[in-house]
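Student: Hi! Could you walk me through this model?
Tutor: Happy to, here it is.

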Amino acid sequence: MTDEIQLQVNEYLPLRDVVFQTLRQAILRGTLQPGERLMEIHLAQKLGVSRTPVREAIRMLELEGLVTMVPRKGAIVAEITVSDLENVLEVRTALEELAVKKACQNMTEEELFQLKAAAGAFEEQLKNNDLLACAQADVEFHEIISQSTGNRRLIQILNNIREQIYRYRLEYLKDPSSHERLVTEHAAICGALEERNEEKAMEVVRIHIDQQKQSIMESLERR
């Protein structure tokens, strides 16, 4: 799917980093699929750059675990594995629990209103059957919670984790049977935050993420 990739120009970043961010987003969003080869010459021509920044970007992607080097094949997009899924969701669960606990303490009425609106927007996107739009709406819902904590380091780490799980998020959204459950869980999170009930909010978020994990694992097993 390399024909769909366009360079994300940023005059403040070195070209290597611009190429890295472009390819990283393409992998996370599924434009570049697991197992797909990353051919330096083709990518360089497509992005309008030399092979050097492409080569450097691929090395950076390998360090992040998004690319694997295979003998006689070169660089390929890393497969989505159960082990990777379990590791990243284990970290996400702990961070999201902390986020809702802090949100119970700090969330304003305006932010709560925005959260409920984001939950409604997510539900509307599900009806449109646009997976990318649904995934973005889901991200925005959780970002409102993290922003409300007021903890800039927590916000930064959570944003990074959410980028890493973007392609996992698309996997569970592909399952129509999960949609009603996701809407219900978002409503439960909103309710717990409105009540300022830290224990309930943490429990609901833990269940929310665990359900996603089970759905994604089932999807991986069907492949």
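Tutor: We can talk about one helix and then about cavities.
Tutor: This is a predicted model, where local features need pLDDT of at least 70, side-chain atom pairs count only at pLDDT 80 or more, and totals for chains, interfaces and linings use all residues. Residues are numbered from 1 along each chain as its sequence is written, and side-chain values use heavy atoms, with hydrogens and water left out.

Student: How many residues does helix 5 have?
Tutor: Helix 5 (residues 109–128) has 20 residues and reaches 29 Å from its first C-alpha to its last, close to the 28 Å expected at 1.5 Å a residue. That expected span is 1.5 Å times one less than the number of residues, and helices are DSSP runs (H or I, at least four residues) numbered from the N terminus.

Student: Which of the residues in helix 5 are buried?
Tutor: Glu-111, Leu-112, Leu-115, Ala-118, Ala-119, Phe-122 and Leu-126. Buried means under 20% relative accessible area and exposed over 50%, with partly exposed in between (1.4 Å probe, protein chains only).

Student: Why do they line one face of the helix?
Tutor: Seen down the axis of helix 5, the buried residues fall within an arc of 115°, so they line one face; the arc is that of the directions from the helix axis to the C-beta atoms.

Student: And which exposed residues are on the face turned away?
Tutor: Glu-109, Phe-113, Lys-127 and Asn-128.

Student: What follows helix 5?
Tutor: Asn-129, whose phi is positive, near 60°.

Student: Thanks, that helps! What do the buried residues of helix 5 pack against?
Tutor: Helix 4 (82–106), helix 6 (131–148), helix 8 and helix 9 (179–195), with contact meaning heavy atoms within 4.5 Å.

Methods. Helices (H or I, at least four residues) and strands (E, at least two) are DSSP runs, numbered from the N terminus.
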